[in-house]
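Welcome, and please open your viewer. We will go from one selection to the next, and at each stop you will read what is there.

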Amino acid sequence: MLSRRSTLGLLAAATILPQRAFAHVAPPRNEIRDSLAKRFTDLGTSGTFVGYKVEDYLIVASDKERSGEGKLPASTFKIPNSLIALETGVVADPDKDVFPWDGVKRPIEAWNKDHTLRSAIAVSAVPVYQEIARRIGQERMQKYVDEFDYGNRDIGGGIDQFWLTGNLRIDPIEQIDFVDRLRRRALPIGKRSQDLVADILPVTKVGDSVIRAKSGLLGAERGEPSLGWMVGWAEKGEAHTVFALNIDCKEPRHIEARMSLTQACLAEIGAI
């Protein structure tokens, strides 16, 4: 596997995807497929998909503009938030530590109950992860976001809001870099924390393939959805494809399409 630093040196002159991306994951081969972009326009919206076919050292993207645009990560930040919680001991066991419901009724019924880390990530329970972030605290959160080299690393805007309405931004290429390091257990934290988070990520089976992924939806906690994410990796036999998709959610069907669209894009590039 090329290191991020050597890949940057090798591909500094490349132009298909944003140059800064090559410091992260871009391998020697990459391509733009208009047919992937068409899947978003056919849905009456805009978005981007990027897939990194690990064994082929190949990135396939729907475009070269939006794939490098930073957006609020929304609930895809539950991946690093979970890692930090486990690494700091804020959560000792993802199945035994319980976060009691605060009694506040919220629009998403599945949030209105007690949760463990595993059940909270499964239903993307924002209030649980806000409490986790408060317990981690600003100083430790910044330390790990820096060490993860996560997006623009800016956690301004409130310790329990920075990934929802604050200053944090991450683009699809950076999402792939981060998720791929988790997949390889290459993040600068203990292997146990990475093993546990990989284990609690929601799983979708498609034929003989497995997709481990986390969704995100800006404005979900306010009932005002606007941007949807899906990030993770697909396993097909011994082959792995790390991916990131985001989509403008102009209608409810766009929210529902996040996983089906992800699967269609993965199928098109032979990842599932």
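Which residue does UniProt list for "modified residue: N6-carboxylysine"? In an unreviewed entry, UniProt lists Lys-78 for this feature. UniProt positions are given in the numbering used here, feature names are shortened, and annotations may be inferred rather than shown by experiment.

Before you select anything, two notes on reading this tour. This is a predicted model, where local features need pLDDT of at least 70 and side-chain atom pairs count only at pLDDT 80 or more, while totals for chains, interfaces and linings use all residues. Residues are numbered from 1 along each chain as its sequence is written, and side-chain values use heavy atoms, with hydrogens and water left out.

**The whole chain**

Start with everything shown. The protein chain has nine helices and seven strands; these are DSSP runs numbered from the N terminus, helices being H or I of at least four residues and strands E of at least two. Of the 272 residues in the protein chain, 53% are buried. Buried means under 20% relative accessible area, exposed means over 50%, and partly exposed is in between, with a 1.4 Å probe and protein chains only. Contact means heavy atoms within 4.5 Å. Among contacts between residues at least 6 apart in sequence, 63% join residues at least 24 apart.

**Stop one: Lys-78**

Select Lys-78, which is placed in helix α3 (residues 78-88). Is Lys-78 buried or exposed? Its relative accessible area is 1%, so Lys-78 is buried. Leaving aside neighbours within four places in sequence, show what Lys-78 is in contact with: Ile-121, Ser-124, Ala-125, Val-126, Tyr-129 and Lys-214. Now add Ser-75, whose side chain is joined to that of Lys-78 by a polar contact of 2.5 Å. A polar contact is a pair of N or O atoms within 3.5 Å; within protein, one must be able to donate a hydrogen and the other to accept it, and residues adjacent in sequence count only if both atoms are side-chain atoms.

**Stop two: Ser-75**

Stay with Ser-75, where UniProt places the feature "active site" in an unreviewed entry. Look for Ser-75 in the loop between β3 (58-61) and α3. Ser-75 counts as buried because its relative accessibility is 5%. Not counting residues up to four places away in sequence, Ser-75 touches Ser-124, Val-126, Lys-214, Ser-215, Gly-216 and Leu-217.

**Stop three: Lys-214**

Next, select Lys-214 in strand β5. With 1% relative accessibility, Lys-214 counts as buried. Its side chain and that of Ser-215 are joined by a polar contact of 3.4 Å. Not counting residues up to four places away in sequence, Lys-214 touches several residues, among them Ser-75, Lys-78, Ser-124 and Trp-229.

**Stop four: helices around α3**

Now show α3 together with helix α5 (residues 126-136). Their axes are 10 Å apart and the helices pack at an angle of about 45 degrees. Axes are lines fitted to C-alpha atoms, for helices over the stretch in contact, and angles run from 0 to 180 degrees between N-to-C directions. What follows is that α3 and α5 are oblique to each other: angles under 35 degrees count as roughly parallel, over 145 as roughly antiparallel, 65 to 115 as roughly perpendicular and the rest as oblique. On the α3 side, the residues making the contact include Lys-78, Asn-81 and Ala-85, and on the α5 side they include Val-126, Tyr-129 and Ile-136.

Swap α5 for α6 (138-148). The axes of α3 and α6 come within 11 Å and cross at roughly 120 degrees. Residues making this contact include Pro-80, Leu-83 and Glu-87 of α3, with Arg-140, Met-141, Tyr-144 and Phe-148 of α6.

**Stop five: helix α8**

Move to helix α8 (residues 191-200), whose buried residues are Ser-193, Gln-194, Leu-196, Val-197, Ala-198 and Ile-200. What covers them includes α3, α4 (117-122), α7 (172-183), β5 (209-217) and β6 (227-236).

**Stop six: Leu-245**

Finally, select Leu-245 in strand β7 (residues 239-248). Leu-245 is buried, as its relative accessible area is 0%. Add Gly-51: the two are 194 residues apart in sequence and 8.7 Å apart in space, C-alpha to C-alpha. Leaving aside neighbours within four places in sequence, Leu-245 is in contact with residues including Phe-40, Thr-48, Trp-229 and Arg-258.
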